[in-house]
Amino acid sequence: MEFFLVQALNGISYGLLLFMLSSGLTLVFSLMGVLNFAHASFYMLGAYFAFQVSTRIGFWPALVLAPILVGAIGMLVERFGLRKVHRFGHVAELLFTFGLAYLIDEAVHLIWGRSAVDYRVPPDLDGPLFAIFTSQYPIYRGFMMLVSVAMLIAIWLALTRTRIGLVIQAALTHPQTVEALGHNVPRVFMLVFGGGAALAGLAGVIGGNAFVTEPGMAAAVGPIIFVTVVVGGMGSLAGAFVASLLIGCLQTFAVALDWPLFFGLKLSQVAPVLPYLLMVLLLIFRPKGLMGRREG
Amino acid sequence: MSAALELHDVHKSFGSTKIINGVSLEVRAGERHAIIGPNGAGKSTLYNLISGRFPVSSGKIILKGEEITGLRPFEINRKGLSRSFQVTNIFHNMSVYENIRCAVLWPAGYRYSFWSRVAGLKDVQRRAEETMERIGLARRRNVLAAVLTYAEQRALEIGITIAGGASVVLLDEPTAGMSRTETAQAVQLIREVTVGKTLIMVEHDMGVIFDLADRISVLVYGEIIATGAPADIRSNAAVQEAYLGSLKKEKENA
Amino acid sequence: MNWKRFFLWGTTAIVFAAAPHVFTSSFALTLLTQMGSFIIFALSYNMLLGQGGMLSFGHAVYSGLGAYIAVHALNLMGKGAFVFPVTLLPLIGGLAGMVFGVLFGYVTTRRAGTTFALISLGVGEMVFACVLMFPGFFGGEAGVSTNRVVGKPFLGISYGPAIQVYYLVAVWCVISIAAMYALTQTPLGRMANAVRDNPERAEFVGYDTQKVRFLQLVLSSFFAGVSGGLSCINFEIVSAENVSALRSGGVLIATFIGGVPFFFGPILGAILFIFFVAALSGFTKAWLLYLGLFFVLMVIYAPGGLASLLLMHIPLLRARRLGRLALPYLLAAGASALALAGLIGVVEMVYHLSEVSGGTMMALAGLEFDAHSHTAWAISILLLVAGLVALRFAASFFAQRWSAVQLEMQGRAS
């Protein structure tokens with residue numbers, strides 16, 4: 001029972017982190033039609049920037065500064081790179097972000113070196129939050145969940161309640177009309193892309209010290225995020241939410257269970273493959289994804 | 001006379017918006033049937049339902065006695081129904097000849113063959129060249145579709161639609177955006193290429209309609225309010241109300 | 001017989017045959033052999049991307065799994081379990097690749113566009129993870145090694161010497177190029193293009209677009225498997241790297257740099273890529289960064305690849321106006337050299353500072369200096385900025401000259 005609760009909480013907090021990432025990706029995809037292959041790289045940048053800032057100044061400033069920095073980089077990327085590629089179509093945009101991911105990964109590798117950096121949980125958040133039977137559930141995990149949920153509520157409010165949110169929603173289907181009404185659509189797109197990057201950066205700030213911060217982290221979590229988005233259904237935020245929690249719990253439980261399977265393998269060894277297997281199964285029986293709407 | 005195409009109580013809603021509200025229609029084999037109606041009546045949606053682009057919410061569609069409701073576009077096409085598009089939908093990166101050839105390959109029976117050179121398929125070549133002659137683009141054989149004039153592209157659009165030899169042809173506003181001369185030429189072309197076939201046409205140009213159509217159906221707010229010979233439709237009170245009434249409403253709202 | 005075609009294929013065959021006699025060092029020979037099998041790989045990739053419009057991030061799955069099957073077959077042949085000519089081993093690789101093409105293709109081609117790309121990534125990661133999970137068959141991290149010299153030499157060919165392996169690769173390469181070209185001229189090849197350009201219209205002329213893409217993928221995976229089989233013979237080892245995301249990314253970059261819209265583009269790209277990687281990785285640890293930067297710049301400024309850039313000049317060559325571009329190119333080259341020097345300076349210094357533990361002195365292009373020194377940094381940044389500014393001007397000068405020449409040529413024609 002204890003095991004189940006602890007793993008469930010871990011799975012949910014990991015799932016929420018995945019959702020922080022996949023929601024940013026889905027938003028940018030829905031609003032601009034661009035799938036940002038470098039989304040996980042922005043996550044990594046967030047973690048590394050947070051590491052630098054937290055060692056110089058502190059964790060709490062890092063929580064604010066790092067996403068802003070990453071968001072700024074995102075805006076620059078959109079303004080000077082993506083915008084130029086837009087006219088060549090979606091394949092070219094995807095290729096651009098693919099190359100960008102390579103670049104960011106290599107640049108991080110170059111600047112911070114090959115091994116992991118010591119980005120630690122801040123002392124005030126390091127410790128037990130509450131006890132579940134004999135296990136201590138760490139404060140930081142709770143903090144992660146809090147930030148995730150807060151971020152999601154903030155996005156939802158921003159999109160549905162503010163004017164800029166309405167403009168964004170309108171520009172999704174009728175960019176020329178919105179532009180004719182006097183809104184600066186290119187600037188809106190720049191803000192959206194930068195916003196998506198900032199969200200990924202924020203996920204990096206809180207995820208980077210819970211898990212490891214190293215140059216391979218983008219390549220490790222990237223494919224999982226893409227699978228999440230496909231499983232949830234391209235362009236569906238609700239689908240991304242369900243898929244993130246599903247995959248988060250699936251992986252967390254699988255890694256912790258040593259149930260024997262076939263070929264002498266244990267479930268914990270097979271764990272890395274499970275999200276992809278889920279994707280394949282879904283594609284066979286329900287190609288649109290769990291709640292798919294928009295075709296890529 | 002048998003029916004080439006039948007619609008039985010077809011409904012279509014997008015979410016909560018009802019676009020097609022119980023349309024029943026019968027198009028006789030070999031006739032030229034026009035569908036007209038004010039803007040927003042649902043003509044394009046109806047076409048999309050017939051050709052399989054969208055699924056119906058309820059109702060049945062029957063092609064030459066066979067039910068085609070819910071089939072995918074290529075399945076419907078293989079059963080002998082072909083359509084053109086209002087917004088020109090050709091293969092822009094291919095030449096005129098290659099465009100037509102694509103439409104001929106499946107009906108000629110070559111399917112997914114990867115063991116024969118397409119340049120050596122004489123029957124395909126012959127059929128493609130025949131079609132190009134009929135639509136008057138034989139001289140523009142090797143020109144890239146993207147650089148054709150608008151009227152030539154519309155002719156190519158029709159060419160692709162009839163090249164495969166379909167017996168039921170759906171044309172979606174074939175003369176849209178054309179000048180008077182171009183329209184006259186297009187009408188002549190349509191008349192020639194649909195001999196012996198069933199033609200269903202959506203059009204706004206009344207001159208074209210009354211010139212070509214054997215029968216007309218009027219679609220208003222997703223319902224057919226009248227079907228009959230051109231003369232009857234012209235004098236039909238409900239039709240006049242629908243057209244003029246909508247004009248009046250626009251005037252009031254302006 | 002079409003003389004132009006005869007000339008083209010004849011020249012290709014001659015180039016392949018003569019290459020090792022022009023570039024005679026053993027290092028050159030290994031590069032040429034790698035290029036040969038990579039050409040097949042890149043062409044097979046372009047069957048998907050260039051001809052079918054399918055962007056795949058997991059193409060190494062087919063070549064890698066084909067290689068694994070081939071290496072096991074080769075080992076069985078070495079033990080005498082069955083008799084089969086090593087010369088035809090790539091066929092086994094190809095067939096294996098094709099089987100996986102059918103298996104994975106069925107799942108991946110259910111969606112198109114961006115979704116297909118992501119699914120291909122997922123399948124690639126899945127296969128990579130599976131390869132590491134079953135060390136019994138896949139040899140774990142170390143992989144499966146083999147010996148390509150099997151049985152008695154046939155007509156003096158044992159595939160022991162590297163030159164014999166080169167000619168094996170060259171023959172398979174020429175045959176594969178011819179076969180893949182022939183495929184583009186078939187009904188399936190043409191409809192693959194149609195599906196790429198306008199999938200909706202293709203449906204409305206009677207074609208199941210999913211089936212077209214599926215078949216295109218199956219055929220492409222055959223050739224990918226062939227290249228895997230050749231790789232197995234050449235390196236005598238197959239490991240998880242063969243199915244890795246890095247390998248999939250590499251063939252994508254190579255094909256794109258060469259030129260996706262043209263049949264011969266990937267051939268160019270494969271040659272350049274192998275050369276780039278081999279040459280650069282010897283000089284600098286940051287070669288992947290330079291490659292990535294080059295790729296991104298190509299996506300923005302030359303999405304048709306080097307092939308498109310070359311072909312762009314042919315009308316000028318015919319009109320004998322190519323010389324008019326000499327000056328703009330010279331200026332652009334000079335500006336690029338400046339910017340590049342600055343970039344290399346910055347990148348290498350950063351790399352040196354982060355990686356190397358033994359002090360801050362470093363050597364670059366024969367110059368020794370302290371990576372911490374302000375002067376070194378200042379010079380590099382200055383060079384970079386100056387180079388970029390100069391490049392701006394050189395580019396607009398080039399554009400001016402280009403349009404002037406175009407106008408002249410049009411004036412001539414009319």
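# Exercises on a predicted complex

S4(B) and S5(B) pair in the antiparallel sense, over two bridges. The model is predicted. The exercises start from this strand pair and move on to chain C.

## Exercise 1. The sheet of chain B

Work out the strand order of the sheet in chain B, and find its edges.

Solution.

Step 1. Start with the pair S4(B) and S5(B), joined antiparallel by two bridges. Ile62(B) stands opposite Glu67(B) in S5(B).

Step 2. Add S1(B), residues 3-14. S1(B) pairs with S4(B), residues 58-63, over five bridges, again in the antiparallel sense. Here His11(B) faces Ser58(B) of S4(B).

Step 3. Add S2(B), residues 17-28. Nine antiparallel bridges link S2(B) to S1(B). Within this pair, Lys12(B) has Ile20(B) as its bridge partner.

Step 4. Read off the order: S2-S1-S4-S5 in chain B, an open sheet of four strands with antiparallel pairing. The edge strands are S2 and S5 (66-67) of chain B, and each pairs on one side only.

## Exercise 2. The hairpin turn

Which residue takes a positive phi in the hairpin of S1(B) and S2(B)?

Solution.

Step 1. Locate the turn. Two residues lie between the strands of this hairpin.

Step 2. Check the backbone angle. Gly15(B) takes a positive phi near 65°.

## Exercise 3. The build of chain C

Describe the fold of chain C by its elements, its dimensions and its domains.

Solution.

Step 1. Count the elements. Chain C has 17 helices and four strands.

Step 2. Test the overall dimensions. A compact globule of 414 residues would have a radius of gyration near 22 Å; chain C has 24 Å, which agrees. Along the principal axes, the C-alpha atoms fill a box of roughly 65 × 65 × 45 Å.

Step 3. Look at packing. Buried residues account for 47% of the 414 residues in chain C. Of the contacts in chain C with a separation of 6 or more, 79% join residues 24 or more positions apart.

Step 4. Divide the chain. The domain assignment gives domain 1 (3-304) and domain 2 (313-413) of chain C. Their C-alpha centres lie 33 Å apart.

## Exercise 4. Two sides of chain C

For each partner of chain C, find which helix gives the most residues to the contact, and sort the residues of that side by class.

Solution.

Step 1. Take chain A. The contact involves 34 residues of chain C and 41 residues of chain A. On the chain C side, the elements giving two or more residues are H5 (113-133), H13 (287-301) and H16 (326-355). H5(C) gives the most, with 13 residues. By class, this side has 24 nonpolar, six polar and four charged residues.

Step 2. Take chain B. Here 23 residues of chain C meet 27 residues of chain B. The elements of chain C that give two or more are H8 (187-197), H9 (199-204) and H10 (209-235). H8(C) gives the most, with seven residues. This side divides into 11 nonpolar, five polar and seven charged residues.

## Exercise 5. Confidence

Which element of chain C has the lowest mean pLDDT, and which the highest?

Solution.

Step 1. Set the background. Chain C averages a pLDDT of 88, and 95% of its residues score at least 70.

Step 2. Pick the extremes. S3(C), residues 361-364, has the lowest mean pLDDT, 66. H10(C) has the highest, 95.

Step 3. Turn to the complex. The predictor gives an ipTM of 0.88 and a pTM of 0.90.

Conventions:
Residues numbered from 1 in each chain as written. Chains lettered and ligands numbered in written order. Predicted model: local features only at pLDDT ≥ 70, side-chain atom pairs only at ≥ 80, totals over all residues. Contact = placed C-beta atoms within 7 Å. Nonpolar A, V, L, I, M, F, W, Y, C, P; charged D, E, K, R; others polar. Rg over C-alpha atoms; globule rule 2.2 N^0.38 Å. Buried ≥ 20, exposed ≤ 12 C-beta atoms within 10 Å, placed from the backbone. Pairing = 2+ DSSP bridges. pLDDT = per-residue confidence, 0-100. Domains from an automatic or database assignment.
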